[in-house]
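Please open the structure in a viewer and keep the selection panel at hand. The tour below proceeds stop by stop, stating what to select and what is found there.

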Amino acid sequence: MPELPEVETIRVDLANELTGRRITDAAIDGVRTIRRQSVAEFLERAEGATVGTIRRKGKYLILDLEPSQLALVVHLRMSGQLLWVEDPATPLMKHTHARLSLDSGAEIRFVDPRTFGELWITTRNTPELANFGPDALTELSSWKHLSDRLAGQRVPVKVVLMNQEVIAGIGNIYADEILFEARLRYSRKADTLTTPAKKRLFDAVGTVLGRAVARRGSSLADSQYRDLYGQVGTAQRTHAVYAREGLACPRCARPIIRSKLGARSTYWCRFCQQ
DNA sequence: CAACCGACCTGTTCGC
DNA sequence: TGCGAACAGGTCGGTT
């Protein structure tokens with residue numbers, strides 16, 4: 001269930017392994033994986049292409065393809081993984097839905113038990129992502145920029161943080177961690193934040209996401225997020241609130257509580273987040 | 001419009 | 001131990 005830090009970790013490793021490599025063959029198993037175009041069109045666009053720049057917008061990976069001026073877009077959703085496989089004879093893991101064979105002999109496999117994830121190949125400007133807000137890590141330039149994005153948002157600040165059209169990349173874990181870091185209550189209406197609060201929020205976005213990227217993302221459960229090489233991240237060790245119901249708040253030592261916002265769990269400290 | 005809900009799926013963990 | 005319920009890091013579309 002990757003959010004921005006996990007996708008960024010995968011992006012950097014993919015760039016090291018894939019840039020300049022040619023996709024010699026592609027295979028799709030699982031009809032849901034390709035759903036914005038026909039499998040035939042996807043394969044036709046992928047095969048023979050060389051991978052150029054590898055970008056990220058929020059939780060989406062974007063692999064530029066040469067010389068076609070197209071781009072391969074990947075979204076892992078809840079359970080998707082991209083795995084680097086040095087030896088293509090390696091037995092397929094269950095729920096392997098796509099394979100990209102490379103001219104080096106290695107391959108990239110897309111594994112996704114819940115099948116929510118998807119791949120597609122589109123034009124380089126990725127019109128499907130046109131309505132996205134600035135990337136939370138790389139495109140949010142100042143507290144005033146954040147303030148502009150929050151303007152007119154009369155919904156809970158957590159909802160806004162997770163709205164990809166406002167700011168791209170933040171999901172349920174990092175929204176809770178950012179709000180704790182900024183000492184803000186999740187239910188506070190975004191358009192009522194004071195200037196100091198917005199400054200704290202901006203700083204918290206950078207602090208929390210930056211720390212998580214440095215730790216190669218959060219791997220909370222055994223079966224969940226893995227990097228390109230199948231390794232876990234360690235950002236979960238720095239979590240102050242997420243999945244810590246009943247444990248001591250790192251600031252005041254009172255128990256972390258869990259509430260619902262919509263259907264999602266929210267972890268927070270009622271004393272430190274006023 | 002804001003808030004909530006189910007749907008899409010499989011796998012793991014929780015509670016009795 | 002067994003078994004069903006609850007829950008999971010995302011997103012969309014529909015209803016109230």
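How do the residues of the surface near DNA strand C divide into nonpolar, polar and charged? They divide into seven nonpolar, seven polar and five charged residues. Please keep in mind throughout that this is a predicted model.

**First stop: the surroundings of DNA strand C**

Select DNA strand C together with the 19 residues that surround it. The closest of these are M1, G171, N172, L220 and Y225. Next, colour α5 (172-181) and β10 (264-268); each supplies at least two residues of the surface near DNA strand C.

**Second stop: the hairpin of β9 and β10**

Keep β10 selected and add strand β9, residues 257-261. The two strands pair in the antiparallel sense, over five bridges. To follow the pairing, select I257 and look across to W268 in β10, which stands opposite. Two residues lie between the strands of this hairpin, and G262 takes a positive phi near 65°.

**Third stop: the four-stranded sheet**

Now select β1, β6, β7 and β5, which in that order form an open sheet with antiparallel pairing. At the edges are β1 (23-28) and β5 (81-85), each of which pairs on one side only. On average, neighbouring strands of the sheet are turned by 15° against each other, direction ignored.

Within this sheet, isolate β6 (residues 96-102) and β7 (residues 107-111), an antiparallel pair joined over five bridges. Here L100 stands opposite I108 in β7. Then add helix α2, residues 39-46, which packs on the sheet and touches β1 and β6. The direction of α2 makes about 165° with that of β1. While viewing the strands, recall a general rule: in a regular strand the side chains alternate between the two faces of the sheet.

**Fourth stop: helices α1 and α6**

Finally, select helix α1 (residues 4-18) and helix α6 (residues 195-214). Two packed helices are described by the angle between their axes and the distance between the axes. What are the angle and the distance between the axes of α1 and α6? The helices pack at an angle of about 40°, and their axes are 9 Å apart. The two are therefore oblique to each other. In addition, α1 passes α6 in a right-handed crossing.

To view the contact itself, display L4, P5, E8 and T9 in α1, which meet L209, A212 and V213 in α6. The residues of this contact divide into five nonpolar, one polar and one charged.

Notes. Residues numbered from 1 in each chain as written. Chains lettered and ligands numbered in written order. Predicted model: local features only at pLDDT ≥ 70, side-chain atom pairs only at ≥ 80, totals over all residues. Near = placed C-beta within 6 Å. Nonpolar A, V, L, I, M, F, W, Y, C, P; charged D, E, K, R; others polar. Pairing = 2+ DSSP bridges. Axes fitted to C-alpha atoms, helices over the stretch in contact; angles between N-to-C directions. Contact = placed C-beta atoms within 7 Å. Parallel < 35°, antiparallel > 145°, perpendicular 65-115°, else oblique. Left-handed = near helix turned anticlockwise from the far one by under 90°.
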